[in-house]
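Q: I would like to practise reading features from a model, one at a time. Could you walk me through this one?

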Amino acid sequence: MEAVQGRLDELGTPLSETTFVVFDLETTGGSAAENAITEIGAVKIRGGEVLGEFATLVDPGGPIPPFITVLTGITDAMVMAAPRIESVLPSFLEFAYGSVLVAHNASFDMGFVKAACAAHGYPPPANPVVDTVDLARRALTRDEAPNCKLATLARVLGSRTEPSHRALADARATVDVLHALIERVGSFGVHTLEELKGFVRAPTPEQQRKRHLADAVPGEPGVYVFEDGDGHVLYVGKSTSLRTRVRSYFTASETRTRIREMIGIAERVRTIVCATPLEAEVRELRLIAENKPRYNRRSRFPEKVVWLKLTAEVFPRLSVVRELKDDGAAYLGPFSSARNAEYARDALHESVPLRRCTDRITLRKGRAACVLFEIGRCGAPCEGRQSAEEYASHVKVAREAMESDVRPVERAVQARIDLLSAELRYEEAAEDRDRLASYVRTAARMQRLAALSGLTELVAARPAFAGGWELHVIRYGRLAASGVMPRGAHPALYVEALTATAETVPPGAGPTPRASAEETDVILRWLVSPGVRLVQVDGTWSEPAHGAGRLKARLDAAYPRADPGGPRTPREGRPLR
């Protein structure tokens, strides 16, 4: 038979003919959204030869934290005369054009490069990316390398350059690591760029060995639980098709490092078939909160949220707390961090002259007034200058601002933003807008949650995918029952049977008395999804007319950042209009 030579597109791109740009960045911190690049180092190679190098310090536009200086040796004085990233970025992108980008822990470095491109109007690099961390994990055993740190791999693989947390030196060390790893994977038949990328994505031996764990998994919607040999929960997930989702963990499509590690430990998969996708989502949240699996990242600690409390005292004050009590106090939350709760407290203090001292003040026991009285920010009830009745009027405004009427806070903070903007004090105006954002977004969410959590019972239905209706019973914001009413069944009888067998949920205190805020959020999203019908409602389901929802929509349009403590957008520095 005559031999036929394959086409080049069938053979792929030989690694010996592939141009790689191996690069490393030094930065002011670990977040591409909040921190900046201080140094770029890159080496262009092909066929084992160095074609060129690129190295420059970068002025990050702000001070370098001391611990970063200790780590890298890069000081503020060193970058003072360096170019800014907007000057460096075009040259680096041109240097890397048409190559395969290589980095050690590439997601970190590429995150900063993409953030810089987005900030200065460049499209993100379309270059293929190779991560030497992923490649090392596939090519080396634990016996050969105890970890995949660059310093460890450089030592194990005999790099001629020792990593030093300086960009060009680390890029040169990564070049040596890359060459050594390419030699290793050659024994696995990896000779082209396409084969190299496929090798990194290939299932690990552990994934292939444990495929049998998915054999008995049903194809129904529900929750799956990976457990180790002692029955400890490792990971919890949900799916509309349990069999399809669980099988995917044992294929090349599963590339998450921590999940591949989890597969190596897992010995069984337990499944819980659910009547509806909503039930599966809620059960997933509850199981994660209950078991706190170490391989789940989200929803593990719903109890760690914080609240802003208007205390139940003779002269109440605003306090950041971690516990809801049935003590008659008003609460605003939940907040993901104490910092965001303090932002909201600052916004409320701007509009309501509540005391800020932490001492317990009664009608008989007081203390000397502080400087806030002198500047007109407090009526000094501690000295008896303000009666309990006068102070109660401020407390009433604060309670309403937390629960139903955001207008006083909006007016006060907006007036301050306008004043600061008129005086060109844009940084201070932006901070006040951050405070207003934290207050408004949390108040809007709480008012939505409280509206649903205040209902004794709500029954809703949505057309099921396979016919019939999905039915859910919600009591005080908690999912109490789920079911699917078959096509042609009598609705009244089916709803009556479902509500009769639903979980008994007693009322409680606070905006989320019987479920986590996340569970009630999930239920709310389902309730406003297309096709949902309200079957019966015990109570009045409504949000306050002057609540935060109205202002939140306007704020989100002008200020799209989700977290007031996160990265700033180009719109910052402008008043909220």
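Q: Does E279 count as buried or exposed?

A: Happy to help, and keep in mind that this is a predicted model. The general idea is to compare the relative accessible area with a cut-off: under 20% is buried, over 50% is exposed, and partly exposed lies in between. E279 has a relative accessibility of 11%, so it counts as buried.

Q: With which residue does E279 form a salt bridge?

A: Here we look at the closest N and O atoms of the two side chains, which have to be within 4 Å. For E279 the partner is R283, and those atoms are 2.8 Å apart. Both residues belong to helix α13 (residues 277–291), where a spacing of 4 residues is about one turn of the helix. R283 has a relative accessible area of 35%, so this residue is partly exposed.

Q: Which residues form salt bridges in helix α16?

A: Two pairs are good to look at. E400 and K396 form one salt bridge, with their closest N and O atoms 2.8 Å apart. They sit 4 residues apart in α16 (residues 388–403), so about one helical turn separates them. E400 is partly exposed, at a relative accessible area of 31%.
The other pair is E403 with R399, whose closest N and O atoms are 3.6 Å apart. These two also lie in α16 with a spacing of 4 residues, about one turn of the helix. E403, at 36% relative accessibility, counts as partly exposed, and R399 is partly exposed with a relative accessible area of 31%.
Salt bridges can also share partners, as they do in the network that joins D346, R416, E431, D432 and R435. In total, the structure holds 30 salt bridges.

Q: What is the nearest side chain of opposite charge to E26?

A: That is R166, 6.4 Å away; E26 is buried yet has no salt bridge. E26 lies in strand β1 (residues 19–27). Leaving aside residues up to four places away in sequence, the contacts of E26 include I37, T72, I74, H165 and D170.

Q: How do α6 and α9 pack?

A: Two packed helices are described by the angle between their axes and the distance between the axes. Helix α6 (residues 132–139) and helix α9 (residues 193–201) pack at about 70 degrees, with axes 9 Å apart. The two helices are therefore roughly perpendicular to each other. D134, L135, R138 and A139 of α6 make the contact with L196, F199 and V200 of α9.

Q: What is the order of the strands in the open sheet of 4 strands?

A: Reading across, the order is β14-β13-β12-β15, and the pairing is antiparallel. β14 (478–485) and β15 are the edge strands, each with a single partner, so one side of each has no neighbour in the sheet. On average, neighbouring strands are turned by 15 degrees against each other, direction ignored.

Q: Which strands do bridges join to β12?

A: In a regular strand the side chains alternate between the two faces of the sheet. β12 is joined by 5 bridges to β15 (residues 533–538) and by 6 bridges to β13 (residues 469–475), running antiparallel in each case. A461 is a handy landmark: its bridge partner in β15 is R533, and A461 stands opposite L471 in β13. β12 and β13 form a hairpin with 5 residues between them, and G467 in the turn has a positive phi of about 105 degrees.

Q: How many residues of strand β12 are buried?

A: The count is 6 of the 7 residues (457–463), so β12 is largely enclosed by the rest of the structure.

Terms used: Residues numbered from 1 in each chain as written. Predicted model: local features only at pLDDT ≥ 70, side-chain atom pairs only at ≥ 80, totals over all residues. Heavy atoms only, no water. Buried < 20%, exposed > 50% of the residue type's maximum accessible area, 1.4 Å probe, protein only. Pairing = 2+ DSSP bridges. Lys, Arg positive; Asp, Glu negative; His and termini not counted. Contact = heavy atoms within 4.5 Å. Axes fitted to C-alpha atoms, helices over the stretch in contact; angles between N-to-C directions. Parallel < 35°, antiparallel > 145°, perpendicular 65-115°, else oblique.
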